[in-house]
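Colleague: I'd love a close look at one part of this chain before I go back to the bench. Could you pick a loop and the helix before it, and then walk me outward from there into the rest of the fold?

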Amino acid sequence: MAEDNAPPEGAAPDWTISQDWASYSAGEHAVWDRLFARQSRMLPDRVVPAFMQGLDVLRMSKPGIPDFDELNERLFRATGWQVVAVPGLVPDAIFFEHLANRRFVAGRFIRTPEQFDYLQEPDIFHDVFGHVPLLVHPVFADYMQAYGMGGLRAAKLGMIEALARLYWYTVEFGLIRDGGDIKLYGAGIVSSYGESLFALDDPSPNRIGFDLERVMRTRYRIDDYQQSYFVIDSFDDLLRQTRDADLGPIYDRLRGMDMIAEDALLPTDRVLHAGTQAHAFASDR
């Protein structure tokens, strides 16, 4: 996230800019279409059904990069959310303020063909394809707003890093139970072809039952696939645990605790799969 609260030139005080949809080139639309086709083919049996329903409600199968004006008409009717364009990473306070008011910030740029499989900074495909379909789901939409409101409180208490770990392991890289199966829902996974396979199928990562305080203590990787994934029971349970929890005492306890390593398994964990960590070992050599 950006550290300076002053918006860049051309941005509004809340850091929003025009998407300027008409300026996208045919090549940029083609990159979106290739990414969309690849993910939409492989996800139906792997992602939580609410994600595919969101794609349908928002008509995201329409060719080309979505026009936020059209997208927002359907999204706002569904849950009162809207997508706003920003020039890049935004300060924490701006990010939380937008979420608390049911606005999801999205970068307007799209990766180049050379970055097709990986780029470090999230682009419009990650932000819109990965995040926005689940904002059609009423409970997940409420969770995102509750997270933004919690972020504003955490900032005053100096606990943004703990809350960032919650976002990472739920909104970005979360797994969810669906009947007897485990499915994907985190945007960082569903927008990545490789991680969509790795998170569910590979023996390398741990898969652990979600526990709020445990998640807020756990380090994560920004440079590779995750070494541990946390599995929620439902969006209702995720919302209940975060919105109804008294985070003040949790923050007080966290201040006196060491962080947990990315690959660690604790005696108190509900371990659904103990990973071999083979991928991480190979990557770190």
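Modeller: Happy to! Let's start with Arg59, which is found in the loop between H2 and H3. Keep in mind that this is a predicted model. Arg59 follows H2 and has a positive phi, near 55°. Most residues other than glycine have a negative phi. Arg59 is not a glycine, yet its phi is positive. Its relative accessible area is 54%, so Arg59 counts as exposed.

Now step back into the helix that comes before Arg59. In helix H2 (residues 49–57), the buried residues are Ala50, Phe51, Gly54 and Leu55. Looking down the axis of H2, you would find these buried residues within an arc of 145°, so they line one face of the helix. The cover over them includes helix H1 (26–42), helix H5 (124–131) and helix H8 (187–190).

Phe51 also leads us to the aromatic rings. Ring pairs tie Phe51 into a cluster with Trp32, Phe36, Phe125 and Phe129. Trp32 has a second role: together with Met144, it touches the most other members of the largest nonpolar core, a set of 83 residues. Helix H6 (residues 138–157) gives the most to this core, with eight residues. As for Met144, leaving out residues up to four places away in sequence, it touches Trp81, Leu99, Phe104, Leu135, Tyr167 and Val171.

Another residue with an uncommon backbone angle is Trp15, in the segment before H1. Trp15 is not a glycine either, but its phi is positive, about 75°. In contrast to the exposed Arg59, Trp15 counts as buried, at 6% relative accessibility.

Going back to the loop side of things, H3 ends just ahead of a glycine you may want to find on screen. Gly80 is found in the loop between helix H3 (68–79) and strand E1 (82–86). With a relative accessible area of 21%, Gly80 is partly exposed. Not counting residues up to four places away in sequence, Gly80 touches Leu75 and Arg102. If you want a sense of scale, Gly80 and Tyr118 are 38 residues apart in sequence and 32 Å apart in space, C-alpha to C-alpha.

The aromatic theme returns elsewhere, since a search of the whole structure finds 18 aromatic pairs. In one of them, the rings of Tyr169 and Tyr220 have centres 6.3 Å apart and planes at 85°, so the pair is edge-to-face. This pair links distant parts of the chain, 51 residues apart: Tyr169 is in helix H7 (residues 160–172), while Tyr220 is in the loop between helix H10 (212–216) and strand E6 (228–232). The two partners also differ in exposure. Tyr169 is buried, with a relative accessible area of 1%, whereas Tyr220 counts as partly exposed at 27% relative accessibility.

Strand E6 brings us to the sheet. Five strands form an open sheet in the order E4-E3-E6-E5-E7, with mixed pairing. Strand E4 (181–184) and strand E7 (271–273) stand at the edges with a single partner strand each, so one side of each has no neighbour in the sheet. From one strand to the next, the twist averages 35°.

Start at the E4 edge and work across. Strand E3 (residues 175–178) pairs with E4 in the antiparallel sense, over four bridges. These two strands form a hairpin with two residues between them, and Gly179 in the turn has a positive phi of about 65°. Leu175 stands opposite Leu184 in E4, and Leu175 also stands opposite Val231 in E6. The E3 and E6 strands run parallel and are joined by two bridges. At the other end of the sheet, strand E5 (residues 206–209) and E7 run antiparallel, again joined by two bridges. There, Ile208 has Val271 in E7 as its bridge partner.

Notes
Residues numbered from 1 in each chain as written. Predicted model: local features only at pLDDT ≥ 70, side-chain atom pairs only at ≥ 80, totals over all residues. Heavy atoms only, no water. Core = buried A, V, L, I, M, F, W, Y, C linked by side-chain atoms within 4.5 Å. Buried < 20%, exposed > 50% of the residue type's maximum accessible area, 1.4 Å probe, protein only. Contact = heavy atoms within 4.5 Å. Pairing = 2+ DSSP bridges. Axes fitted to C-alpha atoms, helices over the stretch in contact; angles between N-to-C directions. Arc of directions from axis to C-beta. Phe/Tyr/Trp six-rings, centres within 6.5 Å; stacked < 30°, edge-to-face > 60°.
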